[in-house]
Amino acid sequence: IYNLKIYNAIFYNHESPRRSEEYVTTKIVKHVCEIYNNKRNFLELGDISAKIDWGYAKEYVSYVQKMMQLKKPDIFIIATGKAHSVKEFANKCFRYVGLNSNKYLRTSKKFLRPSKTSILTGDTKKIKKVIKFKINYDLDKIIKIMMDSELAKYK
């Protein structure tokens, strides 16, 4: 009606050091760094088997910019297409600082969600085809960025 070009994107979890502690990735990174710096004794989480499609926020934004250069507006899914468990994320963070997660990782029912989280991974076929979408930041790179940012607070 108004001759507007409206683009739409469905973002799967997009992580960065700017996320607040309500997000499990930030909680894990912060608590692991606190454990490493003797400010905390353990990391307590809920369902560590939950699998999540985690990507890097800065990379996702670059694809939004590319998406908005298209002549015809469209709807895209921005995700990695790969799911990793909360336990895997936590283990990688502990390994990043040379700690054994078995010594510090605990689970608690108080952090369980009322409903079971299903494994959701984004279908990126369309965005790959239309704008040559390719993930450059895998989980290890995301963890490095987040851990380095948090560890810098202790220097």
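**Exercise 1.** Which residues does Ile-28 touch, not counting residues up to four places away in sequence?

*Solution.* The model is predicted, so local features need pLDDT of at least 70 and side-chain atom pairs pLDDT 80 or more, while totals for chains, interfaces and linings use all residues. Residues are numbered from 1 along each chain as its sequence is written, and side-chain values use heavy atoms, without hydrogens and water. Contact means heavy atoms within 4.5 Å. With that cut-off, Ile-28 touches Leu-43, Leu-45, Val-86, Phe-89, Ala-90 and Cys-93.

**Exercise 2.** Place Ile-28 in the largest nonpolar core.

*Solution.* A nonpolar core joins buried Ala, Val, Leu, Ile, Met, Phe, Trp, Tyr and Cys residues through side-chain atoms within 4.5 Å; buried means under 20% relative accessible area with a 1.4 Å probe, protein chains only. This core has 27 residues, and Ile-28, Leu-43 and Phe-89 touch the most other members. Helices H1 (24-36), H3 (86-96) and H6 (139-151) and strand E3 (43-45) each give two or more residues. H6 gives the most, six residues. A second, separate core has twelve residues, including Tyr-7 and Ile-131.

**Exercise 3.** Describe the packing of H1 and H3.

*Solution.* First, the geometry: the axes, lines fitted to C-alpha atoms over the stretch in contact, lie 10 Å apart at an angle of about 30°. H1 is therefore roughly parallel to H3, a term for angles under 35 degrees. Next, the residues: among them, Ile-28 and Val-32 in H1 meet residues of H3 including Phe-89 and Cys-93. Last, the composition: the contact has ten nonpolar residues, one polar and no charged.

Technical notes
Buried means under 20% relative accessible area, exposed over 50%, partly exposed in between (1.4 Å probe, protein chains only). Helices (H or I, at least four residues) and strands (E, at least two) are DSSP runs, numbered from the N terminus. Axes are lines fitted to C-alpha atoms, for helices over the stretch in contact, and angles run from 0 to 180 degrees between N-to-C directions. Angles under 35 degrees count as roughly parallel, over 145 as roughly antiparallel, 65 to 115 as roughly perpendicular and the rest as oblique. Ala, Val, Leu, Ile, Met, Phe, Trp, Tyr, Cys and Pro count as nonpolar, Asp, Glu, Lys and Arg as charged, and the others, Gly among them, as polar.
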